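Please open the model in your viewer and keep the selection panel at hand. The tour below goes from one stop to the next, saying what to select and what is found there.

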Amino acid sequence: MMRLLVLYCLLPSAWCAILEEESGSHQQHVYNSLPPFVDVLPPGPFYDVERSANVTALVDQPAKLNCRVNKIGNRTVSWLRHRDTHLLTVGPYTYTSDQRFRAVHTAGSEDWALTVRFAQVRDSGMYECQVSTTPPLRHYIWLRVVEPKTTIYGGGDIFINKDSNINLTCVVDYTPKPPSYVIWKHNSKVITYDSDRGGVSVVTEKGARTTSNLLVRRASLKDSGTYSCNPSSAPVAKVLVHILNGEYPEAMQHGGHSPYDVSVLLLAAALTLVATIH
């Protein structure tokens with residue numbers, strides 16, 4: 001089968017198109033974006049990919065997916081939801097019963113946006129910005145809708161030697177604004193700085209990612225138990241702290257291996273690796 005590849009370039013630019021001619025059929029590979037060093041633009045519509053990027057939005061907040069199309073001429077931009085190929089908008093018109101979706105475009109602008117009011121996790125996925133050329137131009141944008149999340153580093157079970165310090169760090173992500181407060185609790189009781197126990201401090205830094213650090217000095221056996229981080233605008237996170245009294249407790253063997261067992265396994269793995277190399 002004869003196959004002719006014709007390569008043509010618009011010099012001095014680096015924009016090229018490749019035409020494949022095979023058995024009388026023609027297939028054009030359309031480049032819909034340009035490298036930053038190219039000065040000469042292609043003749044037809046093309047996407048500005050840097051301004052048509054993926055989006056992360058917060059749950060119950062508005063989400064905006066922007067699609068910038070240069071040299072669109074009299075073509076139309078449509079938005080489709082990729083998972084079910086549902087047509088959402090055509091030009092300025094909305095074609096879905098879900099009134100949270102809306103097309104936004106200002107006359108003369110190269111930006112064609114899809115907005116989602118009160119975004120939900122179920123809205124996450126791929127969306128297609130399509131230009132009505134022949135064949136259509138397509139650009140895909142991923143929407144990720146996230147819920148507030150609270151994490152205590154080292155989560156699950158944490159083991160501390162008696163008379164050592166308990167140092168817990170709580171991280172709060174994906175909140176519309178920083179939480180107004182973060183409360184630490186020990187066995188459901190609020191930890192206060194002026195308690196008889198003493199030696200307790202909390203440092204909280206608020207921002208797009210809020211962190212709160214709890215420090216309990218010279219831990220005693222009474223400091224064992226459940227510690228929870230309670231932000232005002234995010235879920236609660238908990239860890240179970242075990243205070244060790246110089247012995248290796250059964251609680252630490254819940255994974256099925258004692259420190260001796262782990263050491264033997266690591267030694268065996270290292271010897272096996274050395275033998276393999278040699």
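Is D84 buried, partly exposed or exposed? In this predicted model, D84 has a relative accessible area of 37% and is therefore partly exposed, since that value lies between the 20% and 50% cut-offs. Select R81 together with D84, and you will find a salt bridge in which the closest N and O atoms are 3.0 Å apart. R81, for its part, is buried, with a relative accessible area of 11%.

Next, select D48 and R51, which also form a salt bridge, with 3.3 Å between the closest N and O atoms. Here D48 is the buried partner, at a relative accessible area of 17%, while R51 is partly exposed at 43%.

The structure holds nine salt bridges, and for a further example select D223 and R197, whose side chains meet at 2.9 Å, N to O. This pair links distant parts of the chain, 26 residues apart: D223 sits in the loop between β20 (210-216) and β21 (225-231), and R197 in the loop between β18 (189-190) and β19 (200-205). D223 counts as buried, at 7% relative accessibility, whereas R197, at 33%, counts as partly exposed.

Keep D223 and R197 selected and add H186, K189 and S195, because these five are the closest to the centre of the largest pocket among the 14 residues that line that pocket. The volume of the largest pocket is about 410 Å³, and its lining is made up of five nonpolar, four polar and five charged residues.

For a network rather than a single pair, select D98, R100 and D123, which are linked by salt bridges.

Then turn to the surface and select L87, Y93 and Y95, which form a nonpolar patch there and together have about 330 Å² of accessible area. L87 belongs to strand β8, which covers residues 86-90, and with 31% relative accessibility L87 counts as partly exposed.

As a last stop, select G246, which lies in the loop between β22 (237-244) and α1 (259-277). G246 is exposed, with a relative accessible area of 76%. If you add N161 to the selection and draw the distance from C-alpha to C-alpha, the two residues are 7.1 Å apart in space, although 85 residues separate G246 and N161 in sequence.

Terms used. Residues are numbered from 1 along each chain as its sequence is written. This is a predicted model: local features need pLDDT of at least 70, side-chain atom pairs count only at pLDDT 80 or more; totals for chains, interfaces and linings use all residues. Side-chain values use heavy atoms; hydrogens and water are left out. On a 1 Å grid over the protein atoms alone, a cavity is a set of points where a 1.4 Å probe fits but cannot get out, and a pocket is an open set with protein on both sides within 12 Å along at least five of seven lines; lining residues have an atom within 4 Å of a point. Grid points are joined across faces, edges and corners, and a volume is the space filled by probe spheres set on the points. Ala, Val, Leu, Ile, Met, Phe, Trp, Tyr, Cys and Pro count as nonpolar, Asp, Glu, Lys and Arg as charged, and the others, Gly among them, as polar. Patches are made of residues with over 30% relative accessible area and no salt bridge: like charges are joined within 9 Å, nonpolar side chains (Val, Leu, Ile, Met, Phe, Trp, Tyr) within 5 Å. Accessible areas come from the Shrake-Rupley method with a 1.4 Å probe; for residues, only the protein chains shown count as cover. A salt bridge is a side-chain nitrogen of Lys or Arg within 4 Å of a carboxyl oxygen of Asp or Glu. Helices (H or I, at least four residues) and strands (E, at least two) are DSSP runs, numbered from the N terminus. Buried means under 20% relative accessible area, exposed over 50%, partly exposed in between (1.4 Å probe, protein chains only).
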